[in-house]
There are 2 protein chains.
Amino acid sequence: MKPTLNISSKAAQPQALHEVGTELVLRRVAIDTYRENVAYLHRDCAIYRAEGFQALSKIEVQSADKRILASLNVVDDLALVGCHELGLSEDAFLQLGLDDGATVTVSQAEPPSSIGALHRKISGERLNAEDFYAIVRDIAALRYSKIELTAFVVATQRDELDREEVYFLTQAMVASGRTLDWHEPLVVDKHCIGGIPGNRTSMLVVPIVAAHGLLCPKTSSRAITSPAGTADTMEVLAKVELPFDLLAEIVREHRGCLAWGGTANLSPADDVLISVERPLGIDSAGQMVASILSKKIAAGSTHLVLDIPIGPTAKVRSMPDAQRLRRLFEYVASRMHLSLDVVITDGRQPVGNGIGAVLEARDVMRVLENDPRAPIDLRQKSLRLAGRLIECSPDVRGGDGFAIARDILDSGRALAKMNQIIKAQGMKPFDHNNPELGQLSFDVLAKEGGVITGIDNLQMATIARLAGSPKVICAGVDLFQKLGDAVVKGDILYRVYAQYSSDLHFARQASLKSSGYTVGLLGDVPHVFVEF
Amino acid sequence: MKPTLNISSKAAQPQALHEVGTELVLRRVAIDTYRENVAYLHRDCAIYRAEGFQALSKIEVQSADKRILASLNVVDDLALVGCHELGLSEDAFLQLGLDDGATVTVSQAEPPSSIGALHRKISGERLNAEDFYAIVRDIAALRYSKIELTAFVVATQRDELDREEVYFLTQAMVASGRTLDWHEPLVVDKHCIGGIPGNRTSMLVVPIVAAHGLLCPKTSSRAITSPAGTADTMEVLAKVELPFDLLAEIVREHRGCLAWGGTANLSPADDVLISVERPLGIDSAGQMVASILSKKIAAGSTHLVLDIPIGPTAKVRSMPDAQRLRRLFEYVASRMHLSLDVVITDGRQPVGNGIGAVLEARDVMRVLENDPRAPIDLRQKSLRLAGRLIECSPDVRGGDGFAIARDILDSGRALAKMNQIIKAQGMKPFDHNNPELGQLSFDVLAKEGGVITGIDNLQMATIARLAGSPKVICAGVDLFQKLGDAVVKGDILYRVYAQYSSDLHFARQASLKSSGYTVGLLGDVPHVFVEF
């Protein structure tokens, strides 16, 4: 069938077209819809009626030189948006970048051009590099609705992505944002896949390796599901939200920094995907690999040490799973020309004693100052990670890194470097001997004697978050006992700090429901085999 | 490892607990979030801070005797919600069923109990009947967020559901709502999987089979993606939103009805799932079968004739696809003890001449009145479907149904029955010889002579919707030519009616982009093989 198109069209009432008014007045609606653009139109708005828009369909909002896509919510209250107004949620308003009262037009949005590729992925097809570029570009531009994002996340999890596709996805995510070039042959970084409270090794590894002379421009995230991220903890000691030019200057002068990564626009699609992965609790291997490696490569890293903790309440719970994840990381890193060293570490319990920004900053400073109260596990783990990175130096023999790192720490050179970085970023007053903790607290005590046989990472994180972390930096949990410690009845297991009585109440209820600690016999302490 | 739980907990400042205030004042926020419960809390609300809520996390809203779940949007405008207020979107407000100003408490929601099963399905496991019951119960209670709903829809599409699982899902969807029992051995119904504009056979089949004495309590939906649903078209002639008791009375007295199904609470989970399937354009076989059969079984049907149209722009585009779909419908219907007759029909073009509620009502009334202008295809298809249902009667021989149906129609008994039903439901004034159509119109003309070789169902539906359907009932498209008709240059292909100039403008733009008609040689008209 060869169709021939033979039509003409005439308007019976041509003058009618002149009445079409498609302009609306922009209005900022102060609702945080969390990385989804939402537009609000009144049900009686002529354009809403005319376009046959339906709730949840997508519309395109246009000004003279910008256009964004948004999901539509229909409003029946003239106080929210009037009939001649277009309301935009915070994210959408900022993305459009116009002032309140500006003139905009709206139209039914063409689906993002990558929707065809998305549907092919949903149908189980293998996608090529161009498909991933198109999808990730649309995601980064917030052209996907939450529903489409979720469809992408679900359709690419489990074994739905082969390792070649994970490589394509990683590549596309790097390309979706800015990439940094430090103009040095060796740019080192470390990263942990997460899930272990208190695991603030970056704040020790960076000053150690920078003191050794390696370039380590570390950018970190704030807490997403944890009680504190490295950026939150560093913020106790110094400013972390730095203009990119200042950050680059600090890195060039001091060989390292500990800054928040949000200002650098590295792999922006990642942040959008996280907004649906997190509430869904999906953290599949392919997506994790693409997320982490894209951020690191965009940041200009050439050498990465990656920490995969393993334990009964860690993200990875068995050695075969850890090794499968390691192989995927290694394959993609190799395709992306990133030198990667994966270490599989002990994730049976929180690292250090403190959970929460101020408490974790205290632990970090105690390690740097070689204070006898410094948590030994945090010190040892940081030294080993730093040692691995130091061995990336062409002049260091394999196996010598740990001793070099220890010498840098014990000699006070790591502390001096940290103080330089803190000063450069903008020092904040902090006394680790007298940290300002929440005014309210309660202790959780051992009911009977025995040995600590389990500390639940997830429950300790929950209690710390209910106590106010990460928003209230002085809130958190201070662990008095770690795995294998012997306790008698009445010993303090941990102390919870909060600033507000309601926070204390919620944290206490959670600890009553489950303390997170198990006490038993020494032989019951679970073993863990690590590759470090 | 046998963990022994030995803890006690004491509050250092026990009086603090008395300060905890968790009560908020309920406020209706007039935003239609389309079947997702959304709650609005001010960023400075003490409870928002205390609970460590994050945007998009789910909260539970409780009153003395009700509780609902809602996704959280954070608000920065005191005019929208105050610090002591909890805002709820329209759906959520109605579901909670309290008045503005009522006292409610909120807490971080426990995940719906079926989330474990959802995650197993996402991981590719086969679920059992109990899993589907739990998931569908949570969906019907609006306990799933859009993100979780999408995850379920994507994880159960394609071949992810085996036919046994489709049966479990169907069963669970029936159980999620009300089921009707008409206390008769034979309750007949017909259904079409959709996608063909103008396909208003129900409004002919119901009066014909009811006139024959069969019980046919037909409930229909309004248009979802089409220019008009059966409920929209029937509403031109009579009231369709009827209290259930009245509907039941009409059915008992007149053996049939043509009502909107929304008031009956049949398979409510289906309506929720549709809210994400539609924007995503997912309409997988398993979900379609569960959706349609659950509605019919909940409505008390014992015998169903199911119409699967097939054609280049229909939902099903090849005979093997149609047959695969037929087998799945038959398997599940058989497990549910529903007698099912599947017919595969001609879906190459719209049925009848009119597209849009008033135009389709005109076509239906012309067929009932045996008006010479009645569209022959609508008449023939309706007679064949009615004939199939009539053959369900124990006293009708196979093959005799069509002739009986034709006799009922030609003799005026179908028209008389329709008038009874219209009167019982509440007649509206309508003159099919002089239907009130949109004041504005334009014609689309043939540019050259030839034979109509294609009419795009999707494009005709789009043009009708842009012209105002289904909201503006007098808007729509009137087809002057059908497949195989010969035209000369300047002949009218179709006329578009609109009530508003902006609607006319948008419809005209769409028809200029693509008229939906192709003109060529007689031999180019596509053939279709049907099973009818």
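Guide: In this predicted model, the bounds of a domain come from an automatic or database domain assignment. On that footing, chain A is divided into domain 1 (21–108), domain 2 (115–175), domain 3 (188–267 + 276–425) and domain 4 (440–524).

Visitor: How far apart do the C-alpha centres of domain 1 and domain 4 of chain A lie?

Guide: Between the C-alpha centres of domain 1 of chain A and domain 4 of chain A there are 47 Å.

Visitor: What makes A:Ile297 count as buried or exposed?

Guide: The term buried requires 20 or more other C-beta atoms within 10 Å, and A:Ile297, which belongs to helix H11 (residues 285–298) of chain A, has 25 C-beta neighbours inside 10 Å and therefore counts as buried. Once its neighbours within four places in sequence are set aside, A:Ile297 is in contact with A:Val174, A:Met336 and A:Leu338. The C-alpha atom of A:Ile297 is separated by 32 Å from that of A:Val472, which is 175 residues away along the chain.

Visitor: Why is A:His183 called buried, partly exposed or exposed?

Guide: A residue is exposed if 12 or fewer other C-beta atoms lie within 10 Å of its own, and A:His183 has 9, so it is exposed. A:His183 is found in the loop between helix H6 (163–175) and strand S9 (188–192) of chain A, and its phi is near 55°, a positive value in a residue other than glycine. As background, most residues other than glycine have a negative phi.

Visitor: And what makes B:Asn370 buried, partly exposed or exposed?

Guide: The count for B:Asn370 is 14 other C-beta atoms within 10 Å, and since buried needs 20 or more and exposed needs 12 or fewer, B:Asn370 is therefore partly exposed. B:Asn370 sits in the loop between helix H13 (357–368) and helix H14 (376–390) of chain B, and it has a positive phi of about 55° although it is not a glycine.

Visitor: How do you know whether the length of helix H4 of chain A agrees with the expected span?

Guide: The expected span is 1.5 Å times one less than the number of residues, so the 12 residues of H4 (residues 129–140) of chain A should span 16 Å, and the end C-alpha atoms are 16 Å apart, which agrees. Buried residues of H4(A) include A:Phe132, A:Tyr133, A:Ile135 and A:Val136, and among the elements that cover the buried residues of H4(A) are helix H3 (115–122) and helix H5 (146–155) of chain A. Just after H4(A), A:Leu142 takes a positive phi of about 55°.

Visitor: What describes the packing of helix H7 and helix H14 of chain A?

Guide: Two packed helices are described by the angle between their axes and the distance between the axes. The axes of H7 (residues 202–212) of chain A and H14 (residues 376–390) of chain A come within 9 Å and cross at roughly 35°, and the crossing is right-handed. The contact involves A:Leu204, A:Val205, A:Ile208, A:Val209 and A:His212 of H7(A), together with A:Ser382, A:Leu385, A:Ala386, A:Leu389 and A:Ile390 of H14(A). These residues divide into 8 nonpolar, 2 polar and no charged.

Visitor: Which residues are joined by the cis peptide bond that ends at A:Pro470?

Guide: The cis bond runs from A:Ser469 to A:Pro470, with omega near -5°, and A:Pro470 lies in the loop between helix H17 (457–466) and strand S17 (476–479) of chain A. In chain B, the bond from B:Ser469 to B:Pro470 is cis, with omega near -5°. For comparison, most peptide bonds are trans.

Note on methods: Residues are numbered from 1 along each chain as its sequence is written. Chains are lettered from A and ligands numbered from 1 in the order in which they are written. This is a predicted model: local features need pLDDT of at least 70, side-chain atom pairs count only at pLDDT 80 or more; totals for chains, interfaces and linings use all residues. Axes are lines fitted to C-alpha atoms, for helices over the stretch in contact, and angles run from 0 to 180 degrees between N-to-C directions. Helices (H or I, at least four residues) and strands (E, at least two) are DSSP runs, numbered from the N terminus. A crossing is left-handed if the near helix is turned anticlockwise from the far one by less than a right angle, and right-handed if clockwise. Two residues are in contact if their C-beta atoms, placed from the backbone, lie within 7 Å. Ala, Val, Leu, Ile, Met, Phe, Trp, Tyr, Cys and Pro count as nonpolar, Asp, Glu, Lys and Arg as charged, and the others, Gly among them, as polar.
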